[in-house]
Amino acid sequence: MYFNRLGFYNQELVDIYKHLLLTRLIEEKMQILIRQGKVSKWFSGIGQEAVSVGATLAMEPDEWIMPQHRNLGVFTTRHLPLHKLFIQWQGGKDGYSKGRERSFHFGSSEHYISGMISHIGSSLSVADGVGLAYKLKKQNKASLAFIGDGGTSEGDFHEALNLAAVWGLPVIFLIENNGYALSTPTDEQYRCTELVEKAKGYGVEGATVDGNNIIQVYDTILNIRATCIRDQKPYLVEVNTFRMAGHEESTKDKNIPKELLEQWAERDPVANFEKFLIYEEALTEAQIVGIRTEISRYIDSEWAIAERPKEFIYNISVEINDIYALKENGRETWPVVTNESQLSGSTTKQTRFLDAIKQGLYQSLQKHDNLILMGQDIAEFGGVFKMTEGFVTEFGKDRIRNTPLCESAIVGATLGLSLEGYKSVMEFQFADFVTEGFNQIVNNLAKLHYRWGQNAPVVLRMPTGAGLGSGPFHSQSNEAWFAHVPGLKIVYPSNPFDAKGLMIAAINDPNPVLFFEHKALYRSISGNVPEEYYEIEIGKANLVKKGDDITVITYGFGVHWAFDYQKQHPETSLHILDLRSLLPLDYHSIAFAVQQTGKALILHEDSLTGGIGAELGAWISEHCFAYLDAPIVRCASLDTPIPFNTELEKQYLAKSRMHEAILKLLSF
Ligand SMILES: Cc1ncc(C[n+]2csc(CCOP(=O)(O)OP(=O)(O)O)c2C)c(N)n1
C-alpha cells in the first residue's frame, strides 16, 4: 500500500499511529472479552480503524460527530476514558448511559459526540441541525456524520443530504462502505457503481477515499471540512474499506468469500502503516513492539478498573426521574399559572384560538433569540393555516425557515439544533404527517435524556382533528400514539387562554413537547387572553365547570362538546374536567373530579380502541374504584378511518354518541 506522508513530521506520524493502534488493540482485547463472556453487543470495526481515527483527527475537538455502531476510533480519538467505556460496554452503572444503553448507543456532550440510536440513518439529520447551528452562529465549524453502505438505502439518508444541500449546511456525510450490511452485499443494496455518485443527485460534491489508508482519510476529511466551512455546503465522502469480522460478536459470516477477506487482509490499515513508518524511519521495529506493549498494558490497566463494577443498586425513582430534563432553576421570571384567576389585573383582549397560539409563538420569538421555527411553507406563505403569517418579515428567514418536504429530517434537525443550545418549534402541516417523523420523535427525541442525559427543547406543532370534512389523512387524532412513549410531553389546549400559556410553557420546557391544536377551533372560538407573557403549567388539568351528576373527563374539542351538551340538557348537571396535558396526566385532579359525582364519562375525539380513554379508564378503575357508583363509560369516535363525507364524519365522531353514553351512566 502506498502512503504519502504529506509533510508530516515523524512525531506527528507516530502520534497518528498511536491513535490507530489503540483502537486495534482494544478491538483485539474485545475479542478475548467476548469469548470469556464478559461483554456482549459488540460490532467489531477491526480492519476499519483508519476510517474513524483518520476522520476524527481531521475534525476540531469541539465539532460534533455522529458515529455509528462500528466507530470505536471516534471515541478513543476524542479521549473518552477507556475504563468508563469498558464499564459502558458491560452495562455498568458508571458507564456513559448508566447501564441503560448498549455499546456505542450513547453520546457525550463533553466530547461533542452525539449518541446514535439503533435505527440506521437517523443521526444524519441530527448532523444537519448542528450544521445549521454553526451556520446561524457564523462559526467556522462543520459536523461529521457516519453512515454504512446499508444505511444509504434508508429514507433518512436522502432527506438529510437533500436538506443539507438546500440549506447550504457545513456537514460531512461519510459513507463507510465496508462491503456488507449484515449479510447483504453491496450489489443487493444499490445499483450505482459507487455510492459517491449519489452526490450529484443532491447537487453536492463528492469524493472517494481509500479507507485503509489513514493519511488519505485524514487529509481528505481535513480538506473537505475546510471546503464545507468556506463554501457553506455539505460534502459526500465514500470511504472504501472492508468488514473483516462478522456483523456482530456472535455472527459468523460464512457467506463472505474467503478470497475477499484475504485480499483485504493484505490491505490491513495497521500493518501497512507500520511498514510505512519503518520505511520512512519514523519508527524502528523495536520501537513498534515497545509502543504495542505500552498500549496493551494501558488497556489492561483500564480493564482492571472496569472489571470490578460497583454493585448496581436499582432505584426505580431514579429511572423514572431521568426520563425528563428538569427546568433550570431561577429561570422563571414570568407568571406560571394554572388558571385565569391567577392573572387578574392584566390587560386582556378577545382573541381567537389561532391568534392566541400565534401570540405565544410571537412573544417566545421575542423572548428567546435562540428560538428557530421550521415547517413547510411557514415563512412568506405564513403556513397553510396562516399561523406564522408576518413572522418572517419581523424575525427573518434564518429563524422562520421554510423546509423541503422532509419531516423526518426536520425533527432530526431540531435535535441537532438543541445540541448547540437552540430551541425550536416545528410545524407539521397537518398532524397526520407526523408519521413521516415518527422514528425521530419516539426513538431519537423521546429517549434522549434517559439514554445519555442530553435534552432537547423542541416543540412539535400538530394541527389536528376532524369536523372539517377533510378525510382520512387530514383529520386524525393521533395523540394516543405518543402518549405511550416515555420522554415526550403532550399538551392539547381547548381554549385561547390555555393555548397561549401552554405554547409558551412548551417552548420553555427543556423536553420535547407535542402541541396539539384543533384546526376546527382555530377560527371558531375566541376568549379573553392576557397580553402579557405567561405560562400555563404543563401537567395540570382544569376544572372548567362544576356539576353534580356526571364527571366528564375530556380535552380539546371534547370540552366544547360537553358544554354544548350541557346547554341542550340543563336537566343533567355535568362536572367537566379539561385535561389540557395528556402526558404527564394530572392524576390528582382526575381522582378528585371522579370523587365529586361518582360517575365518570371519558370523552374524546380519537377512536375508541387504545385511545387515551383506555388508559384513563384503567387508571380510574384501579385507583378510584371506591368512589364509583357506576361503570366508567368511554365515549369516543368509531374505530374506522375518518370519512370524507360530512354526514359520515358526523356519525364517526364521538359527539353523535354522547347522549347515549350519558343516559347509560344516568341509569345507574
Ligand atoms: C432501520 C434499521 N433497520 C435494520 C437494522 C438492523 N441492522 C443493524 S446494523 C445493520 C446493517 C447495517 O449495515 P451498514 O449500514 O452497511 O453498516 P455496517 O454494519 O456494515 O457497518 C442492520 C440491518 C437497524 N439497526 N436499523
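**View 1. Helix H13 packs across strands of a sheet in this predicted model.** Helix H13, residues 353–367, lies across strand E10 (371–375), E11, strand E12 (423–427), strand E13 (458–464) and strand E15 (513–518). The helix runs at about 150° to E15. Contact means heavy atoms within 4.5 Å. Axes are lines fitted to C-alpha atoms, for helices over the stretch in contact, and angles between N-to-C directions run from 0 to 180 degrees. Helices (H or I, at least four residues) and strands (E, at least two) are DSSP runs, numbered from the N terminus.

The model is predicted: local features need pLDDT of at least 70 and side-chain atom pairs count only at pLDDT 80 or more, while totals for chains, interfaces and linings use all residues. Residues are numbered from 1 along each chain as its sequence is written, and side-chain values use heavy atoms, with hydrogens and water left out.

**View 2. An open sheet of 7 strands has mixed pairing.** The strand order is E11-E10-E12-E13-E15-E14-E21. Strand E11 (400–402) and strand E21 (581–583) are the edge strands, each pairing on one side only. From one strand to the next, the twist averages 20°. Two strands pair if DSSP finds at least two bridges between them.

**View 3. Strand E14 meets edge strand E21.** Strand E14 covers residues 489–491 and is joined to E21 by 2 bridges. The two strands run antiparallel. Val-491 has Ser-581 in E21 as its bridge partner.

**View 4. A further open sheet is formed by 5 strands.** Its order is E18-E20-E19-E22-E23, and the pairing is mixed. The edge strands, each paired on one side only, are strand E18 (542–545) and strand E23 (633–637). The twist averages 25° from one strand to the next. E18 and strand E20 (residues 574–578) run antiparallel and are joined by 3 bridges. Lys-545 has Ile-576 in E20 as its bridge partner.

**View 5. The ligand has 15 residues around it.** Those that come nearest are His-69, Arg-70, Ser-118, Gly-150 and Tyr-180. A residue is near a molecule if one of its heavy atoms lies within 4 Å of it. A polar backbone atom of Gly-150 is 2.7 Å from an oxygen atom of the ligand. For Asp-149, a backbone N or O atom lies 3.3 Å from a ligand oxygen atom. A backbone N or O atom of Ile-120 lies 3.3 Å from a nitrogen atom of the ligand. On its own, the ligand has 580 Å² of accessible area (Shrake-Rupley method, 1.4 Å probe), and the protein covers 72% of this area.

Terms used. Polar contact = N/O pair within 3.5 Å; in protein donor to acceptor, adjacent residues only side chain to side chain.
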